[in-house]
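Biologist: I'm new to this structure, so could you walk me through a single part of it up close? I'd love a look at the pockets and what sits around them.

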Amino acid sequence: MGKTLAYKILEDHLIDGKLSPGEEITIRIDQTLTQDSTGTMVYLQLEAMEVDRVKTELSVAYIDHNTLQTGFENADDHEFIKSVAKRHGVLFSKPGNGICHQLHLENYGKPGKTLLGSDSHTPTGGGLGMIAIGAGGLDVAVAMARGTYSLVAPKVVKVELKGSLKPWVSAKDVILQVLKELTVKGGVGRIIEYTGEGVKSLSVTDRATITNMGAELGATTSVFPSDENTRQYLKSQGREEAYRPLSADEDAVYDEELIIDLDSLTPLAAKPHSPDNVDTVDAIGEIKVDQVAIGSCTNSSYADLMKVAAILKGKKVHPDVSLVISPGSSRILAKMAENGALADIISAGARVIENACGPCIGMGQSPKSGAVSLRTFNRNFKGRSGTLDADVYLVSPETAAISAVKGVLTDGRKSGEALPEIPDTDFELNDNFIVYPEGFDKSNTEVAMGPNIKPFPRNTALPETVEAKVVLHAGDNITTDDIMPSDSRLLPYRSNIPHLSNYCFEKIDKGFSERCKEAGKCAIAGGENYGQGSSREHAALAPLYLGVKLVAAKSFARIHRSNLINSGIMPLVFDNPADYDDISTGDELVIENAPQQVKSGTVEIKNITTGKTYKTVTNFSDLEIQLILKGGKINYMKG
């Protein structure tokens, strides 16, 4: 029986466990990445582990989220991260260098390597043939400290790409089609592996767009083979020596299969307010557009922005449209300045902002009230843009650019314009934004701890009896943005859990934090796919600080479930989904003989208010049981 590419790489890195779907495994991690929105907490946790040098081949701390410095808080976080990076042998990428995933693709990603990142879009590296996994910050801190990561071996889904893309149809449309067919929870417990003749027609940055948005499927990661296109990309970045060919065996056996016909794809858009709410641009129609934002880790590559420049050249952005563009890296911006493309963009009336995540995470460029905003980003959750009543559509760079000119959502195929081929170009190596940990030593490098940086909350061992009051009855597809909002107002406080906790769930229930404080010990009832979206562990740490002991839901998103367990909060799945409807805010719950029940795999929750009992299942691995019993991963590691 032939092997999938995903399992070949996992097998090469296997340390412990049986490599079979559903089995817990431990793998060696070659590389890690962090960004500053999650990074401060990661490095607080790394410091708590009292290690010296990191155990990975390479670890990089990127500054790309909190670059809007309206006060001392973000700058203090950056200085803290830089100081801890130097103490432990981690590279530090200064603000202005670019977006972590684009930068890692350009500078450090290698086919066949494993990468763990404290950002849910770390699977971008799968475009280079890596097993690149997004995880909570504590898991990344442990990977740096020990060089390992434990997970349940996923199933592998084969997505066969047939044919080739037509003009005005791009890689963004490919992943939108996959999302349409599989939905935002269709990738949970799975690796998406792309194969077929259509793969050859996609560049590495095309592939990276697709693997990047695989995070929206809930997938563990996504991966493409490493082939001649991979070699050419690495050569263009001055790193051809990193190339190695990798592919699945011809007779590889997959758990599931999906076929995407590239020839038949048309320009697509994800409508408000979910990445899988996908329709054709033609069917949506020529709706009036107020704002267009191009960039993010999904679509800020050189090829993407050169297409945008070609579309805008000699034209004028529509008078009613605000067009903003954020390049993915300083290297890309420099090249576009050299070849004149930047001048074409600016001359058309576009705003060019810093090489950073920016509007994608609500850090500036919020649209006006009730606006329609077209974005080349990866998420369009309600309010994520910073404007609660805005309608955000996710589209390709080509669709975004032509729509910015026309003033309405436009299918580029009907514009009568031809898209030029973007020739390959070579980039000069430039590490002027990188601070190397030369001469690092814990004894001679002090931690720079600003006044806004507070210790992360710690749980206690699981008691015999767990009592909790239901403080929220949440719906389906609750996102980590819903749980712990992230925008220009709150991002400066990502290292201050006590402050952040006051805003927990504020988008859907402004009274949540106060009810928690009154109750002391709390529980949440959730629907399907609870905790989808960003990897931010703040969505577990803030509830922990507020006294949340358990979340009982119909199902959980992968990373958030892990973050809850790492914090010692029990994620329990209703055996009978109808029980979710029976629970009300204010109900008093109790779990007796909690440690024994957790070990058994089923936990009975008694509703003292109604007299009913609900059966829940845990699906905990042996390691996860120990984490819950100890009150979280840090406590477990301390012994």
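Modeller: Sure, and keep in mind that this is a predicted model. Let's start with the walls: sorted by class, the largest pocket is lined by 18 nonpolar, 14 polar and 14 charged residues. The space inside comes to about 1200 Å³. Of the 46 lining residues, Leu151, Val152, Arg561, Ser562 and Glu624 are the closest to the centre of this pocket. Several elements each supply at least two residues of that lining, among them strand β8 (148-152), helix α18 (558-566) and helix α21 (622-630).

Now for the second largest pocket, with a volume of about 1000 Å³. Here 37 residues form the lining, and Ser203, Asp206, Ala303, Lys307 and Ile422 are the closest to the centre. Two or more residues come from each of α4 (100-107), α7 (204-212), α8 (228-236) and α10. Of these, α8 gives the most, with five residues. By class, the lining of the second largest pocket has 16 nonpolar, twelve polar and nine charged residues.

Helix α10 deserves a closer look, too. This helix spans residues 302-312 and includes Asp304. Asp304 counts as buried, because its relative accessibility is 6%, under the 20% cut-off. Leaving aside residues up to four places away in sequence, Asp304 touches Thr209, Thr298, Asn299 and Pro397. With Asn299 there is also a side-chain polar contact of 3.0 Å. As for Glu106, 198 residues away along the chain, its C-alpha atom is 15 Å from that of Asp304.

Key:
Residues numbered from 1 in each chain as written. Predicted model: local features only at pLDDT ≥ 70, side-chain atom pairs only at ≥ 80, totals over all residues. Heavy atoms only, no water. Helix = DSSP H or I, 4+ residues; strand = E, 2+ residues; numbered from the N terminus. Buried < 20%, exposed > 50% of the residue type's maximum accessible area, 1.4 Å probe, protein only. Contact = heavy atoms within 4.5 Å. Polar contact = N/O pair within 3.5 Å; in protein donor to acceptor, adjacent residues only side chain to side chain. 1 Å grid on protein atoms, 1.4 Å probe; cavity = no way out; pocket = protein on both sides within 12 Å on 5 of 7 lines; lining within 4 Å. Points joined across faces, edges and corners; volume = space filled by probe spheres on them. Nonpolar A, V, L, I, M, F, W, Y, C, P; charged D, E, K, R; others polar.
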